[in-house]
Amino acid sequence: MREAVLCYHAVSPTWEHRLSIHPDLLLRQVRLLRRARRVRATFDDAFRSAAMVFPALERIGVPIQIFVCTGYASEGAPLTIPELAGDDPDELATLTWDELRAHQERGVFFGSHGVSHDHLTRLGDDELRRELTESKQRLEHELGRPCLELAYPYGEHDVRVRRFVRAAGYERAYGLYEDRDDPYALRRLDLYRRHSPVRALLRLYA
Ligand SMILES: [Zn+2]
């Protein structure tokens, strides 16, 4: 059975934000999609709130992966990117290295989401290289395992970015929209609060 890699962000029963999904809806989406595909649940930005669904996902055997912005993980700082200015900093809190290590011990996988959640396609060569290399090295240093996967912030990439990602030593990278035969442009299905389980399933075939 093919694998569907799902992309989520924050999880909350109360926070009505486009990046936040109710835990019950997330689990209903996953349960329905599992009838059609092997499912992996990935969580971008390492929001602390995402961890509330990990036990339920583990119980049904769904692998969990967190894509971490290493510039925020030292203190679990809220993700302060321009696109989220004005949003509740408590809801945007991220997991600290200690918390990430504890999740790793229970079987969670990791990957890089860059250092600062920048738009990689807009960066000069030096900055781009730094986002890719520094985040990879930091994850490997903090978690003690090779970091071979990257999720592009905003799903944005182009030929140059993909070339730099390969050169930095990653084996795979995930965008959001494409579905091509390129390990550096792998598709994920990003699911939000507006997707009923049936709509989520239909998007698999879109
Ligand atoms: Zn992100």
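This report describes the fold of one protein chain, as given by a predicted model.

## Overall form

The protein chain contains 6 helices and 9 strands. Computed along its principal axes in the model, the C-alpha trace spans about 45 × 40 × 35 Å. A compact globule of 206 residues would have a radius of gyration near 17 Å, and the value of 16 Å for the protein chain agrees with this.

Of the 206 residues in the protein chain, 37% are buried. Contacts may also be sorted by separation along the sequence. Among contacts between residues at least 6 apart in sequence, 62% join residues at least 24 apart.

## Strand 4 and its partners

Strand 4 covers residues 38-44, and 5 of its 7 residues are buried, so the rest of the structure largely encloses this strand. Strand 4 pairs with strand 1 (residues 3-8) in the parallel sense, over 6 bridges. Within this pairing, A4 has V39 of strand 4 as its bridge partner, and Y8 stands opposite F43 of strand 4.

Strand 4 also pairs in the parallel sense with strand 5 (residues 64-68), here over 4 bridges. The bridge partner of A41 in strand 5 is I64. Strand 4, helix 2 (residues 54-59) and strand 5 together make a β-α-β unit, and this unit is right-handed. Strand 1 has a further parallel pairing, over 2 bridges, with strand 9 (residues 189-190). There, C7 stands opposite D190 of strand 9.

## The loop after strand 4

D45 lies in the loop between strand 4 and helix 2, and A46 has its place in that loop as well. The phi of D45 is near 80°, which is a positive value in a residue other than glycine. The phi of A46 is likewise positive, near 55°, and A46 too is a residue other than glycine.

Are these two loop residues, D45 and A46, buried or exposed? D45 has 24 other C-beta atoms within 10 Å and therefore counts as buried. A46 is also buried, because 26 other C-beta atoms lie within 10 Å of its own.

## The nonpolar core

In soluble globular proteins, nonpolar side chains tend to be buried together. In this model, the largest nonpolar core has 53 residues. The residues with the most contacts inside that core are L6, Y8, V30, A41, A46, V68 and V165.

Two of these residues have appeared above in the strand pairings: Y8, which stands opposite F43, and A41, whose bridge partner is I64. A46 belongs to the loop between strand 4 and helix 2. V165 is one of the buried residues of helix 5. Leaving out residues up to four places away in sequence, V165 touches L132, L150, Y170, A173 and Y184.

## The two faces of helix 5

Helix 5 comprises residues 159-167, and its residues V161, F164 and V165 are buried. Why do these three residues lie on the same side of helix 5? They do so because they cover an arc of only 105° around the axis. The buried residues of helix 5 pack against helix 4 (125-143), strand 7 (149-151) and strand 8 (172-174).

The face turned away from the buried side of helix 5 carries the exposed residues V159, R163 and A167. R160 is also found in helix 5; it has 13 C-beta neighbours inside 10 Å and so counts as partly exposed. R160 and E131 are 29 residues apart in sequence, and their C-alpha atoms are 14 Å apart in space. Helix 5 is followed by G169, which has a positive phi, near 100°.

## L176 in a later loop

L176 is found in the loop between strand 8 and strand 9. It has 17 C-beta neighbours inside 10 Å and therefore counts as partly exposed. Apart from neighbours within four places in sequence, L176 is in contact with C7, G155, R188 and D190. Among these contacts, C7 and D190 are the residues that stand opposite each other where strand 1 meets strand 9. L176 and D126 are 50 residues apart in sequence and 25 Å apart in space, C-alpha to C-alpha.

Definitions and conventions:
Residues are numbered from 1 along each chain as its sequence is written. This is a predicted model: local features need pLDDT of at least 70, side-chain atom pairs count only at pLDDT 80 or more; totals for chains, interfaces and linings use all residues. A residue is buried if 20 or more other C-beta atoms lie within 10 Å of its own, exposed if 12 or fewer, and partly exposed in between; C-beta atoms are placed from the backbone. The arc is that of the directions from the helix axis to the C-beta atoms. Two residues are in contact if their C-beta atoms, placed from the backbone, lie within 7 Å. The radius of gyration is taken over C-alpha atoms; the globule rule is 2.2 Å times the number of residues to the power 0.38. Two strands pair if DSSP finds at least two bridges between them. A crossover is right-handed if, with the strands pointing away from the viewer, the path from the first strand over the helix to the second runs clockwise. A nonpolar core is a set of buried Ala, Val, Leu, Ile, Met, Phe, Trp, Tyr and Cys residues joined through C-beta atoms within 7 Å.
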